[in-house]
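The report below accompanies a single protein chain and describes its strands, its helices and the packing between them. It is best read with the structure open alongside.

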Amino acid sequence: MQITVTVNGESHTRDVEPRLLLVHFLRNELGLTGTHWGCDTSNCGVCTVTLDGVPVKSCTVLAVMADGKQVGTVEGLERADGLDPVQQGFVQCHGLQCGFCTPGMMITARCLLDKNPDPSEQEIREAISGQLCRCTGYENIVRSVRWAAEHEAAEAKA
Ligand code: FES
Ligand code: FES
């Protein structure tokens, strides 16, 4: 089945099997391996991408369901003037150790800040509740997202 999916602003047309998962389409067909594949059962959240601006677990979405839609992956987070504040926050606050959960965490954090630019710690914890991190204990991830929120607020005032 032929599908055309726009990923990080670039259109891709491929013939795919109807059973192909979006995570495998991104990784194996397009070589976008920043989207990770962990549990395959919708539990870990490392496969999170945006589909028409909404975060989804790409192991639970068929590639054919993304036909004609916009997908955003971690490779598309960077801005023209440098790293996205969410990426900077993870660097500044040591929001990762092994990094396996990081792409999904950053996509979810970006979506949160787009909706709620000044989230509380509780709101951040709720937003990332579908993402598992086996390394950090979440403290530095929460700090990273708060850093990004504060950095963006300062940028907006400048
Ligand atoms: S691989 Fe998708 S939720 Fe774990
Ligand atoms: S940094 Fe290792 S799983 Fe989160």
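A residue is called buried here if 20 or more other C-beta atoms lie within 10 Å of its own, exposed if 12 or fewer, and partly exposed in between. The model to which this is applied is a predicted one.

**Helix 1 and its cover**

By that criterion, the buried residues of helix 1, which spans residues 22–29, are L22, V23, F25 and L26. Viewed down the helix axis, these buried residues fall within an arc of 165°, so they line one face of helix 1. An α-helix has 3.6 residues a turn, so residues three or four places apart point the same way. The cover over the buried residues of helix 1 includes strand 1 (2–7) and strand 3 (48–51). Just after helix 1, G31 adopts a positive phi of about 70°.

**Strand 1 and the residue V7**

Strand 1 shows an alternation of side chains, in which I3, V5 and V7 point to one face and are buried, while Q2, T4 and T6 point to the other face and are not buried. V7, which lies in strand 1, counts as buried because it has 23 C-beta neighbours inside 10 Å. Leaving aside neighbours within four places in sequence, V7 is in contact with H12, L26, L30, L32, V71 and T73. The C-alpha atoms of V7 and L30 are 9.2 Å apart in space, with 23 residues separating the two in sequence.

**Strand pairing**

Strand 1 pairs with strand 2 (residues 10–15) in the antiparallel sense over six bridges, and within this pairing the bridge partner of V7 in strand 2 is E10. The hairpin of strand 1 and strand 2 has two residues between the strands, and N8 takes a positive phi near 50° there. With strand 5, strand 1 pairs in the parallel sense over two bridges, and V7 stands opposite V71 in strand 5.

Strand 3 also pairs with strand 5 (residues 70–72), here in the antiparallel sense and over two bridges, and the partner of L51 in strand 5 is V71. Strand 3 is further joined by four bridges to strand 4 (residues 54–57), the two running antiparallel, with T48 opposite K57 in strand 4. In the hairpin of strand 3 and strand 4, which has two residues between the strands, D52 takes a positive phi near 50°.

**Positive phi in two loops**

Most residues other than glycine have a negative phi. Two loop residues with a positive phi are set out below.

| Residue | Phi | Location | C-beta neighbours inside 10 Å |
|---|---|---|---|
| D40 | near 70° | loop between helix 1 and strand 3 | 14, partly exposed |
| Y138 | near 75° | loop between helix 4 and helix 5 | 18, partly exposed |

**Helix 3**

Helix 3 has 14 residues and reaches 20 Å from its first C-alpha to its last, close to the 20 Å expected at 1.5 Å a residue. This helix is mostly covered, with eleven of its 14 residues buried. Its buried residues are T102, P103, G104, M105, M106, I107, T108, A109, R110, L112 and L113. What covers these buried residues of helix 3 includes strand 3, strand 4 and strand 5, together with helix 2, helix 4 and helix 5.

**The nonpolar core and the two domains**

The largest nonpolar core has 39 residues, and those with the most contacts inside it are A109 and V145. The elements that give two or more residues to this core are strand 1, helix 1, helix 2 (85–92), helix 3 (102–115), helix 4 (121–127) and helix 5 (139–157). Domain 1 (2–76) and domain 2 (85–157) both give residues to the core, so the core lies between them. Not counting residues up to four places away in sequence, V145 touches V86, G89, A109, L112 and I124.

The C-alpha centres of domain 1 and domain 2 lie 22 Å apart. The contact between the domains takes 14 residues from domain 1 and eleven residues from domain 2. On the side of domain 1 that touches domain 2, the largest share, three residues, comes from strand 3.

How values were computed:
Residues are numbered from 1 along each chain as its sequence is written. Chains are lettered from A and ligands numbered from 1 in the order in which they are written. This is a predicted model: local features need pLDDT of at least 70, side-chain atom pairs count only at pLDDT 80 or more; totals for chains, interfaces and linings use all residues. The arc is that of the directions from the helix axis to the C-beta atoms. Two residues are in contact if their C-beta atoms, placed from the backbone, lie within 7 Å. Two strands pair if DSSP finds at least two bridges between them. A nonpolar core is a set of buried Ala, Val, Leu, Ile, Met, Phe, Trp, Tyr and Cys residues joined through C-beta atoms within 7 Å. Domain bounds come from an automatic or database domain assignment. The expected span of a helix is 1.5 Å times one less than its number of residues.
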